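Dear colleague,

Please find the structure below for your records. My findings follow it, and I would welcome your comments.

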Amino acid sequence: MSRRMTMEVEPADDHVIAPDSRFAQLLQRADVRLDGDRPWDIRVRDPRAVDRILGWGNLGLGESFMAGWVEIDRVDEFVDRVLRADLVREVGRSPRLWLPALKARLLNCQTRSRCWEVGERHYDLGNDFYRDMLDPRMTYTCGFWGDGAETLADAQEHKLDIICRKLDLKPGQRVLDIGCGWGSFMIFAAEHYGVECVGLTVSKEQTALGRELAGDLPVEFRLMDYRDIDEPFDHVVSVGMFEHVGRHNYDEYMQVARRCLKPDGLFLLHTIGTNREGSPPDPWVSKYIFPNGELPAMQQVLDVCEGRFVVEDIHNFGADYDRTLMAWYENFERAWPKWREKYGETFGRMWKYYLQSCAGGFRARQIQLWQFVLSPTGARGGYRRPV
């Protein structure tokens, strides 16, 4: 992704979209009005957007929004209504969308050579940019808003502490973090639970800043593919990484986690998931935000655990991702004036669409956030989720 994005925006001809058109009728089913004044209503500024949205679904809507062909004040509320009305079944039928879906099904898009692409295009946008959007610990995954959390920082610390307690961390233990980001979990666990951590990431920017943030704590960052790690750890954790693995690599990913986990250890897998197995990756998200990403279904995770892990616990707090994403958006919107010159207006619209549309997806409960606690042969005496 270029650091400054532009999309062609041409002045629209005068146009009127008939209130009895298919487009208008579909929107009415979701209580969305054309050119209405409610936050979730859509204003069409260029008639080309209609065919693009009907034919290309979310890819057409996202690109139309980026180009200024449509305006929606609250994309999150729009997406929530559209998903709950199940309109996605009736749009996005362009044959040009079949290729990405077939590609994800038939080809491995997350090979060793391609696994670095998401780091370069997304996570390496700039540490200062993410500092402005995230919480002070720079935790780029779903927060936990229970236990009285009132701020993003509270929610993220609650989430990190929940992970530590689910793993029953003890001083001196050694923990592997697959997909460690800027090290928020490792630094928190080292500070509060006295463990040593090794973290893997494919982002150079995350590695550099993470090492700075960790200081003298027993935390090690490694710029490497997860498939190359082979050494024993008391526990393994992976927070927000499984979405970048892909169905063709789930088996090998679980094999890596199993070989690195001591027989009496625990593996906590924290991942976004989809309600329907076989759902193709979202074409807009794949093109503009997370290249080569893919959300697993619950059954896919359970299938690759079979013969390797006992599933001790499953915790779904996907509704909390809505609030997390909207908190990130508020931070982004507040900081955007300082970044506008560097990234450009198209990027700004793209980032708004990314954060708010994903929030709408979680609000509609079409996507989930799961934490699995897994053990190699079954926790002796049984596992109890800490309260």
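**Cysteines**

Cys164 is buried, at a relative accessible area of 0%. Its sulfur lies 8.0 Å from the closest cysteine sulfur, that of Cys197, which is too far for a bond. Cys142 is likewise buried, and its relative accessible area is 0%. With a cut-off of 2.5 Å between cysteine sulfur atoms, the number of disulfides comes to 0. Please bear in mind throughout that this is a predicted model.

**Overall architecture**

The protein chain contains 14 helices and 9 strands. Of its 387 residues, 57% count as buried. The chain exposes about 16900 Å², of which carbon and sulfur atoms supply 49%. When contacts between residues at least 6 apart in sequence are considered, 74% of them join residues at least 24 apart.

**Nonpolar cores**

In soluble globular proteins, nonpolar side chains tend to be buried together. In this model the largest nonpolar core comprises 73 residues, and those with the most contacts inside it are Ile42, Phe78, Tyr130, Tyr140 and Trp351. Helix α13, spanning residues 319-343, gives the most to this core, with 11 residues. Leaving aside residues up to four places away in sequence, Trp351 touches His122, Leu125, Phe129, Tyr130, Met133, Tyr140, Ile289 and Phe332. There is also a second, separate core of 28 residues, and it includes Leu176, Val198, Met254 and Cys305.

**Helix α9 and its ends**

Helix α9 covers residues 204-214, and its buried residues are Gln206, Thr207, Leu209, Gly210 and Ala214. These buried residues pack against two helices, α6 (127-133) and α8 (184-193), and against the strands β4 (196-201) and β5. At the N-terminal end of α9, Ser203 acts as a cap: a side-chain oxygen of Ser203 lies 3.4 Å from the backbone nitrogen of Glu205. Just after α9, Gly215 takes a positive phi of about 55°.

**The loop between β5 and β6**

Strand β5 (219-223) and strand β6 (233-239) are joined by a loop in which Asp225 is found. Is Asp225 buried or exposed? Asp225 has a relative accessible area of 3%, so it counts as buried, the cut-off being under 20%. A polar atom of the Asp225 side chain lies 2.8 Å from the backbone nitrogen of Arg227.

I would be grateful for any remarks you may have.

With kind regards

Note on methods:
Residues are numbered from 1 along each chain as its sequence is written. This is a predicted model: local features need pLDDT of at least 70, side-chain atom pairs count only at pLDDT 80 or more; totals for chains, interfaces and linings use all residues. Side-chain values use heavy atoms; hydrogens and water are left out. Helices (H or I, at least four residues) and strands (E, at least two) are DSSP runs, numbered from the N terminus. Buried means under 20% relative accessible area, exposed over 50%, partly exposed in between (1.4 Å probe, protein chains only). Contact means heavy atoms within 4.5 Å. Accessible areas come from the Shrake-Rupley method with a 1.4 Å probe; for residues, only the protein chains shown count as cover. A nonpolar core is a set of buried Ala, Val, Leu, Ile, Met, Phe, Trp, Tyr and Cys residues joined through side-chain atoms within 4.5 Å. A polar contact is a pair of N or O atoms within 3.5 Å; within protein, one must be able to donate a hydrogen and the other to accept it, and residues adjacent in sequence count only if both atoms are side-chain atoms.
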